[in-house]
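Me: Could you take a close look at one residue in this protein for me? I'd like to know where it sits and what surrounds it, and then how that fits into the rest of the fold.

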Amino acid sequence: MSEPHTSGGTVVRTPSARSLRGLDALNFFLADVRDGLGPYLAIYLIAVRGPDQGWNEATTGLIMTIAGIAGLIAQTPAGALIDRTSAKRAVVIAGAIAVTASCLLLPFISNFYLVAATQSVAGIAGAIFPPALAAITLGVVGPKMFAKRIGRNEGFNHAGNAVSAAIAGGTAYFFGPIVVFWLMAILAFCSIGAMLMVPADAIDDDLARGLDHGEGKAKSSKAEAAGEEPSGFTALLKNKYLVLFAVLAALFHLSNAAMLTSVGQLLTKLSGKDNATSLIAICIVAAQLVMVPVAVFVGAKADAIGRKPIFLAAFGVLAVRGVLYTLSDNPFYLVGVQLLDGIGAGIYGALFPLVVADLTRGTGRFNVSQGAVATAQGLGAALSATLAGVIIVSAGYSTAFLALAAIAAAGFALYLFAMPETYGYEPGRHDASGGGAAPVPAAAV
């Protein structure tokens with residue numbers, strides 16, 4: 001169990017080596033479980049089921065949109081649950097079991113509505129993981145080590161994705177796309193063991209919800225007595241920059257979410273279903289290998305450089321990636337362009353919890369606010385699949401990629417001109433009702 005102390009008014013914890021190893025293993029093994037089948041769902045439905053069974057880019061995109069909407073509806077309640085519960089480990093374990101069971105049912109069902117139902121369950125259960133992992137991490141290491149530790153988490157997450165994709169790609173060559181289902185089951189089992197490596201008493205529940213140690217119980221009790229339990233959308237609407245960040249998160253995922261799926265569909269048409277799973281696995285591995293050092297770098301340097309310039313880079317790379325996809329249909333070229341996903345998504349994954357933590361520090365609403373912003377993010381991701389699918393069917397892949405790139409460019413402009421630097425943000429001073437100049441990174445002071 002880590003014992004907290006304060007340094008310069010900031011809580012410092014000294015987590016045990018077992019807890020830190022548990023966080024590493026949890027992020028590694030849970031990487032392929034937390035997003036369900038992801039792009040493999042489109043490959044499975046289009047390449048294995050195919051048009052003969054009613055599956056094309058549009059119907060597959062609709063399934064992914066339905067599942068995404070179910071997941072986004074669950075985001076804010078999931079964050080509220082993580083804020084309130086002390087059984088965070090049990091919640092993560094239950095979520096892993098639910099996602100895996102929902103996906104393992106897919107080969108045994110063919111009805112559109114049943115497929116939509118199973119993937120919706122997976123989407124709902126998957127909503128637990130982002131706030132839970134961020135909360136557990138904050139509760140274990142404290143706010144002073146949070147940025148660096150989030151970068152490490154993301155590094156292990158991307159390494160886990162790369163390894164699982166490499167295994168899926170290699171085994172799918174011999175056994176077909178069905179191998180991704182069994183791989184998910186193995187990884188879910190390993191993730192449960194990893195979660196149990198983090199002792200329950202190593203997680204400070206007050207710190208985990210964004211309260212300062214020592215003030216946590218007093219603030220929490222006072223809020224409960226006043227009937228002011230954290231509300232996701234209330235917390236969101238009281239902070240204009242949190243609202244703006246929610247819009248930016250939605251734009252990022254409206255652009256990004258369908259890119260890999262669309263590339264997978266294009267590769268299926270270009271190379272045939274026998275090679276599609278292996279090719280998309282190569283795309284995933286290539287991107288994830290880039291994400292590992294990017295995420296670690298962001299975690300190490302986000303406090304010194306500031307959040308804003310790094311986030312702008314993510315939007316810029318995303319826009320360029322969408323344009324580059326239109327320049328060639330060569331499968332090797334498409335895999336090469338996919339490397340850029342490692343930069344954009346690597347930055348986003350590492351910065352998302354940091355920006356939310358910046359905007360909610362000391363409020364006790366960290367996880368419920370994560371859920372509220374993730375709801376907007378999920379809305380963008382859910383609409384992305386349908387938007388891209390409809391454009392592909394009606395106007396082709398190049399038009400779809402250019403539309404997604406234009407959305408990313410709009411997000412870049414909005415972040416550049418409207419979003420301040422959030423490092424050093426004080427919720428009581430810079431919210432919608434407060435004044436004062438936008439905060440600046442410590443390195444600039």
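The residue I have in mind is Ser255: which helix is it in, and which residues is it in contact with, leaving aside its neighbours within four places in sequence?

Reply: Keep in mind that this is a predicted model. Ser255 belongs to helix H12, which covers residues 240–271. Its relative accessible area is 0%, so Ser255 counts as buried, the cut-off being under 20%. Setting aside the neighbours within four places in sequence, Ser255 touches Leu318, Ser384, Leu404, Ala405, Ile407 and Ala408.

Now for the wider setting. The protein has 18 helices and two strands, and 57% of its 445 residues are buried. Among contacts with a separation of 6 or more, 81% join residues 24 or more positions apart. On the outside, about 16900 Å² is exposed, with carbon and sulfur atoms supplying 67% of that.

Helix H1 (residues 17–30) has buried residues too, including Ser19, Leu23, Asp24 and Leu30. With 14 residues at 1.5 Å each, H1 should span 20 Å, and its end C-alpha atoms are indeed 20 Å apart, so the two values agree.

There's some empty space inside as well: five cavities of 30 Å³ or more. The second largest cavity holds about 100 Å³. Twelve residues line that cavity, and the closest to its centre are Leu138, Pro143, Leu207, Gly210 and Arg361. By type, its lining splits into seven nonpolar, three polar and two charged residues.

Conventions. Residues numbered from 1 in each chain as written. Predicted model: local features only at pLDDT ≥ 70, side-chain atom pairs only at ≥ 80, totals over all residues. Heavy atoms only, no water. 1 Å grid on protein atoms, 1.4 Å probe; cavity = no way out; pocket = protein on both sides within 12 Å on 5 of 7 lines; lining within 4 Å. Points joined across faces, edges and corners; volume = space filled by probe spheres on them. Nonpolar A, V, L, I, M, F, W, Y, C, P; charged D, E, K, R; others polar. Helix = DSSP H or I, 4+ residues; strand = E, 2+ residues; numbered from the N terminus. Buried < 20%, exposed > 50% of the residue type's maximum accessible area, 1.4 Å probe, protein only. Contact = heavy atoms within 4.5 Å. Expected span 1.5 Å × (residues − 1). Areas by Shrake-Rupley, 256 points an atom, 1.4 Å probe, with all protein chains shown as cover.
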